[in-house]
Amino acid sequence: MDNRYFDKVIEEMQPFFEEHAFALKEDGSYCNDTKSVRVAYDEARQMYTLSVADIEDGKTGDYSEINAWLFDDSQNAKDAVSVGIDFTGSLRKNMGIKIRRSASNTDVELPSISKGGSFTITGFTKKMLDFFPTLKDEYKDHIAENGNFLYLNFFGEYLVPQVKSVLLSGNKKQIKKLFDLLEDMYVKGDKDTVNTLIAVLCAAAYKDEKTFEALKSMLAEDKHFLSSVENFIKVFPKSKKLTAALIK
């Protein structure tokens, strides 16, 4: 794959670089007084990578990869913009930069459900935020920070741990409530929503037998739903894009 979208990744990160006094160096890195940042495309792994090193007394330390995004021939310029957005968020966290609540943040509207038709990702997100209301502020911060909704990354960082927590809680009433909600999404959701829902559940149980057993117990009364999860969890580790986004 040629690296024709590299400039799109950097273009999306440029405002952050400028805001925090990063300058482009001859070796292609971006540096300020305390950090050196490298964005690269790894042909062997088919991934964009983000690496950061600390700078102390003018000396650059060892680089550590803090994010990687699968990017192959099936992806395009819009996907490259998403890479830049996600890398910027990773840099912000690495540098301990908090998002300041502002009018643009507090005015972010929560997702809503459109009337008629199948549930979409937006409708699924609305239902999840209603079930886990503490995530509403996280959602607003995510939109304010990124400018759009990187739903897989958001679900991986915030929703997957919440689902896992409910499954392991032993609270039968809460687990049944979650099941009823997810089953409704499974039956009424469009293709992307159903696929995402199953992927989120597989991520919650990834390499965790106890959570997987709890998940199977929750889904036991809907054999079709359970079968979909059991079949997908076998191939889930092979999807680099999903595991990179959903496993944090």
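This section describes the cores, aromatic pairs, helix packing and selected loop residues of a predicted model.

The account begins with the nonpolar interior. The largest nonpolar core holds 49 residues, and the members that touch the most others are Val 163, Leu 182, Leu 215, Met 218, Phe 225 and Leu 246. Eight helices each supply at least two residues of this core: α4 (121-131), α5 (135-146), α6 (151-169), α7 (172-188), α8 (191-204), α9 (209-219), α10 (223-235) and α11 (240-246). A second core, separate from this one, has 20 residues, among them Tyr 5, Ile 10, Tyr 41 and Leu 91. In soluble globular proteins, nonpolar side chains tend to be buried together. Met 218 gives a closer view of the largest core, of which this residue is a member. Leaving aside residues up to four places away in sequence, Met 218 touches Leu 167, Ile 175, Leu 178, Phe 179 and Leu 182. Leu 182 is itself listed with Met 218 among the core members that touch the most others.

Helix packing can be followed next, starting from α4. Two packed helices are described by the angle between their axes and the distance between the axes. For α4 and α6, the angle is about 40° and the axes are 12 Å apart. With that angle, α4 is oblique to α6, and the crossing of α4 past α6 is left-handed. On the α4 side, the residues that meet α6 are Ile 121, Phe 124, Thr 125, Met 128, Leu 129 and Phe 131. Their counterparts in α6 are Tyr 151, Phe 154, Phe 155, Leu 159 and Val 166.

Helix α4 also packs against α5, at an angle of about 135° and with 8 Å between the axes. This pair, too, is described as oblique. Thr 125, Leu 129 and Asp 130 of α4 make the contact with Leu 135, Lys 136 and Tyr 139 of α5. Thr 125 and Leu 129 thus appear in the contact with α5 as well as in the contact with α6.

Farther along the chain, α7 and α10 pack at an angle of about 80°, and their axes are 11 Å apart. The two helices are therefore roughly perpendicular. Here Phe 179, Leu 182, Glu 183 and Tyr 186 of α7 are in contact with His 224, Phe 225 and Ser 228 of α10. Leu 182 and Phe 225, which take part in this contact, both belong to the group of core members that touch the most others.

Aromatic residues form another theme of the model. A search of the whole structure finds 20 aromatic pairs. One of them joins Phe 131 and Phe 132 edge-to-face, with 4.8 Å from centre to centre and 80° between the planes. Both rings belong to buried residues: Phe 131 has a relative accessible area of 11%, and Phe 132 has one of 5%. A further edge-to-face pair is made by Tyr 206 and Phe 236, with ring centres 5.6 Å apart and planes at 75°. Because Tyr 206 lies in the loop between α8 and α9 and Phe 236 in the loop between α10 and α11, this pair ties together parts that are 30 residues apart in sequence. The partners differ in exposure: Tyr 206 is partly exposed, with a relative accessible area of 23%, whereas Phe 236 is buried at 0%. An aromatic cluster is also present, formed by Phe 124, Tyr 139, Phe 149, Tyr 151, Phe 154, Phe 155 and Tyr 158. Several of these residues have been met already, including Phe 124, Tyr 151, Phe 154 and Phe 155 in the contact between α4 and α6.

The strand region offers a contrasting local view. Met 47 is found in strand β4 and is buried, with a relative accessible area of 11%. Its C-alpha atom is separated by 5.2 Å from that of Trp 69, 22 residues away along the chain. Beyond residues up to four places away in sequence, Met 47 touches Ala 40, Tyr 41, Asp 42, Ala 68, Trp 69, Leu 70 and Phe 71. Tyr 41 is also a member of the second core.

Finally, two residues other than glycine have a positive phi. Phi is near 60° for Ala 21, which is found in the loop between α1 (6-19) and β1 (23-24) and is exposed at 56% relative accessibility. For Gln 46, phi is near 55°. Gln 46 has its place in the loop between β3 (35-42) and β4 (47-56) and counts as partly exposed, at 32% relative accessibility.

How values were computed
Residues are numbered from 1 along each chain as its sequence is written. This is a predicted model: local features need pLDDT of at least 70, side-chain atom pairs count only at pLDDT 80 or more; totals for chains, interfaces and linings use all residues. Side-chain values use heavy atoms; hydrogens and water are left out. A nonpolar core is a set of buried Ala, Val, Leu, Ile, Met, Phe, Trp, Tyr and Cys residues joined through side-chain atoms within 4.5 Å. Buried means under 20% relative accessible area, exposed over 50%, partly exposed in between (1.4 Å probe, protein chains only). Helices (H or I, at least four residues) and strands (E, at least two) are DSSP runs, numbered from the N terminus. Contact means heavy atoms within 4.5 Å. Rings of Phe, Tyr and Trp (its six-membered ring) pair if their centres lie within 6.5 Å; planes under 30 degrees apart count as stacked, over 60 as edge-to-face and the rest as tilted. Axes are lines fitted to C-alpha atoms, for helices over the stretch in contact, and angles run from 0 to 180 degrees between N-to-C directions. Angles under 35 degrees count as roughly parallel, over 145 as roughly antiparallel, 65 to 115 as roughly perpendicular and the rest as oblique. A crossing is left-handed if the near helix is turned anticlockwise from the far one by less than a right angle, and right-handed if clockwise.
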